[in-house]
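Let's take a walk through this protein together, one stop at a time. Keep the viewer open and turn the model as you read.

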Amino acid sequence: MALVCKLQSLSSSLSSTHFRKPNSLNPQPICSLHFNSSSNSSPFTEKTSIERYQRDQWLYKNHLDQATLCSVPPDFDSIRQNDIALQLPELRKLLQVLREKRESEGGYGSGKCGPGNVFLVGTGPGDPELLTLKAYRVIQNADLLLYDRLVSNDVLELVGSGARLLYVGKTAGYHSRTQEVIHELLLSFAEAGANVVRLKGGDPLVFGRGGEEMDFLRQQGIEVNVIPGITAASGIAAKLGIPLTHRGVANSVRFLTGHSRKGGTDPLFVAENAADPDSTLVVYMGLSTLPSLAQKLMHHGLPPNTPAVAVERGTTPQQRTVFAELKDLADEIISAELVSPTLIIIGKVVALSPSWPYSSKEVSCLVEAI
């Protein structure tokens, strides 16, 4: 009965509390999307790309054919509401199928079998060959996969043919799902007996909100298995030949986020303590706040000529890289028109990369100092 009540509660919340239906009686959200058609296509699911709707077409059924029939200026709040309204019938149907299957096997709560499995899986920075064997096995055996924007399309190609994919990604100005709705989806499908995989770019417990999802599910009595992934800092640094720590050059590494919890423009209040010339600083999601961060780091003593690099779409075929000294990095990024996702690495170890374009004199000094 607990499962039945939960499913009924989910259906109610999907249509009212969380998934508010749009004002239109016949919502056509796909018509209101601007699809990515650039020749320099992203390796990731960019906001409302056509690849996403092709991948998740089981949720839309007859609505997909309307994708190219019209174009309306994007209103991301309406897109989310309309999109979820269209997905609701198929989500309910899948939950019902899983519930009936579970009940035929004895039923969650009957003592004969428990809930399904939930896996938080890190997919690395984009290159599918950086997946762990365990992550690949779990992806192949999943019933439902909830995936983020920074799970690369190449990784999603590895999903088993019988699995269902559901995009729950977020980017600046557009959240396809709130975090609370993602929690409820994970819980409801787990209680329905599904093998649920939560796919996250990089490592799920490094700026991925995996800890919040794990905590929520465990409080509801759902066991969560975490499969680590190569975080962007490690994967991208290795790709460029940058050792994040190096004897005599950098004795520690520090990860920072460029986003604040409440959406502020300057979350990098830790700059005073991060301005350590003997440490490596890695900034995730820091494009918009880099100018402020760089000024703060230099103000607190980090030399303006500290080597730095910004890497867009690291480890993928679309990777673009900008090397510069710290004082020039923000301007060089603007000139190169880098876009998200971009990782920033600041520290003397950057000069150890074989791709460092400046004089080798500094590198020689670093090596001699060891």
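A good place to begin is Val249, which is buried, with a relative accessible area of 3%. Val249 sits in a loop, the one that connects helix 8 (232-240) with strand 8 (252-257). Now look for Val349: the two residues are 100 positions apart along the chain, yet their C-alpha atoms are separated by 6.7 Å. Bear in mind as you look that this is a predicted model.

With that pair in view, step back to the whole protein. The secondary structure consists of twelve helices and twelve strands. Of the 370 residues in the protein, 51% are buried. Among contacts with a separation of 6 or more, 71% are between residues 24 or more positions apart.

Next, find Val196 in strand 6. With 0% relative accessibility, Val196 counts as buried. What surrounds it? Setting aside residues up to four places away in sequence, Val196 touches Asn117, Val118 and Phe119, then Leu144 and Leu146, and finally Leu186, Phe189 and Ala190. Val224 lies 28 residues from Val196 in sequence, and the C-alpha atoms of the two are 9.9 Å apart.

Strand 6 (196-200) also helps to cover the buried residues of helix 4, along with strand 1 (118-122), strand 2 (144-147), helix 5 (153-156) and strand 7 (224-227). Which residues of helix 4 are buried? In this helix, residues 133-140, they are Ala135, Val138 and Ile139. Because these residues cover an arc of only 100° around the axis, they are on the same side of helix 4. There is a general pattern to keep in mind here: an α-helix has 3.6 residues a turn, so residues three or four places apart point the same way.

From here, move to the loop between strand 2 and helix 5, where you will find Asp148. Is this charged-looking spot buried or exposed? Asp148 counts as buried, because its relative accessibility is 16% and the cut-off for buried is under 20%. The side chain of Asp148 has a partner: it makes a polar contact of 2.8 Å with the side chain of Arg198. Beyond its neighbours within four places in sequence, Asp148 is in contact with Tyr167, Val168 and Gly169, as well as with Arg198, Leu199 and Lys200.

Helix 7 (210-219) is the next stop, and the loop leading from strand 6 to this helix holds Arg209. Although Arg209 is not a glycine, its phi is positive, at about 60°. Arg209 counts as partly exposed, with 39% relative accessibility.

Within helix 7, the buried residues are Gly210, Glu213, Met214, Phe216 and Leu217. Looking down the axis of helix 7, you will see these buried residues fall within an arc of 165°, so they line one face of the helix. Their cover includes strand 1, helix 6 (179-191), strand 6 and strand 7. After helix 7 comes Gly221, with a positive phi near 85°.

Another residue with a positive phi waits further along the chain. Met285, which is not a glycine, has a phi near 55°, and its place is in the loop between strand 9 (279-284) and helix 10. Met285 counts as partly exposed at 37% relative accessibility.

That loop brings you to a pair of helices. Two packed helices are described by the angle between their axes and the distance between the axes. Here, the axes of helix 10 (residues 290-299) and helix 11 (residues 326-336) come within 9 Å and cross at roughly 170°. Because angles over 145 degrees count as roughly antiparallel, helix 10 is roughly antiparallel to helix 11. Helix 10 brings Leu290, Pro291, Ala294, Leu297 and Met298 to the contact, while helix 11 brings Leu326, Lys327, Leu329, Ala330 and Ile333. Sorted by class, the contact has nine nonpolar residues, no polar ones and one charged residue.

To finish, follow the chain out of helix 11 into the loop that precedes strand 12 (342-346), where Pro341 lies. What kind of peptide bond joins Ser340 and Pro341? It is a cis peptide bond, with omega at about 0°.

Methods
Residues numbered from 1 in each chain as written. Predicted model: local features only at pLDDT ≥ 70, side-chain atom pairs only at ≥ 80, totals over all residues. Heavy atoms only, no water. Axes fitted to C-alpha atoms, helices over the stretch in contact; angles between N-to-C directions. Helix = DSSP H or I, 4+ residues; strand = E, 2+ residues; numbered from the N terminus. Parallel < 35°, antiparallel > 145°, perpendicular 65-115°, else oblique. Contact = heavy atoms within 4.5 Å. Nonpolar A, V, L, I, M, F, W, Y, C, P; charged D, E, K, R; others polar. Buried < 20%, exposed > 50% of the residue type's maximum accessible area, 1.4 Å probe, protein only. Arc of directions from axis to C-beta. Polar contact = N/O pair within 3.5 Å; in protein donor to acceptor, adjacent residues only side chain to side chain.
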